[in-house]
Amino acid sequence: MADPAARNRAGNFVRNLGTQAHMLCFQEVHGHRREVLATFRQWLPTWKFWASVTEREDGSSNFAAGGVVVAVGPEIARQ
C-alpha cells in the first residue's frame, strides 16, 4: 500500500478486528509475500500469519493479484 494514510487506516482497522477475534482471514491482499507478512506483523505483533500470494508461471510474486492472509491470535497460537 503506497499511500501512508491508507496504510494507517488499514492498520487501525486490522488492529480493531484483532481485539474482537481469535482468527482472521483476509482476501485480496496485494503485495510481495515478505512485505505483506511484515505489514501484518507490525499491525498485530503477537499474532501468527500465513500468506498465500499469487505467483506467476516463473514462480515470482504477482503482487498485482490478490492473495490470502490467515491470522491466528496468540491465545490459539500458543496451543
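**Exercise 1. Place R41 and describe the charge patch around it.**

R41 lies in helix α2 (helices are DSSP runs of H or I with at least four residues, strands are runs of E with at least two, both numbered from the N terminus). The model is predicted: local features need pLDDT of at least 70 and side-chain atom pairs pLDDT 80 or more, while totals for chains, interfaces and linings use all residues. Residues are numbered from 1 along each chain as its sequence is written, and side-chain values use heavy atoms, with hydrogens and water left out.

Step 1. R41 has 45% relative accessibility and therefore counts as partly exposed (buried is under 20% relative accessible area, exposed over 50%, partly exposed in between; 1.4 Å probe, protein chains only).

Step 2. R33, R34, R41 and K48 form a patch of positive charge on the surface (patch residues have over 30% relative accessible area and no salt bridge, and like charges are joined within 9 Å). Lys and Arg count as positive, and the charge is placed at NZ of Lys or CZ of Arg.

Step 3. Helix α2, residues 33-43, gives the largest share of this patch, three residues.

**Exercise 2. Find the salt bridge and state which elements the pair links.**

Step 1. The structure holds one salt bridge (a side-chain nitrogen of Lys or Arg within 4 Å of a carboxyl oxygen of Asp or Glu).

Step 2. The partners are E35 and R7, at 3.6 Å from N to O. The pair links distant parts of the chain, with E35 in helix α2 and R7 in helix α1, 28 residues apart.

Step 3. E35 is partly exposed because its relative accessible area is 35%. R7, at 23% relative accessibility, is partly exposed too.

**Exercise 3. Contrast the surroundings of V14 and S52.**

Step 1. V14 belongs to helix α1, residues 4-18, and with 4% relative accessibility it counts as buried. S52 belongs to strand β2, residues 48-52, and at 48% it counts as partly exposed.

Step 2. Neighbours within four places in sequence aside, V14 is in contact with F26, F40, W43 and L44 (contact means heavy atoms within 4.5 Å). With residues up to four places away left out, S52 touches G67 and V68.

Step 3. From C-alpha to C-alpha, V14 and Q27 are 13 Å apart, with their positions 13 residues apart in sequence. The C-alpha atoms of S52 and Q42, ten residues apart along the chain, are separated by 18 Å.

**Exercise 4. Characterise E28.**

Step 1. E28 sits in strand β1, residues 23-29.

Step 2. Its relative accessible area is 54%, so E28 is exposed.

Step 3. Phi of E28 is near 60 degrees, a positive value in a residue other than glycine.

Definitions and conventions
Patch = residues over 30% accessible without salt bridge, like charges linked within 9 Å, V, L, I, M, F, W, Y side chains within 5 Å. Areas by Shrake-Rupley, 256 points an atom, 1.4 Å probe, with all protein chains shown as cover.
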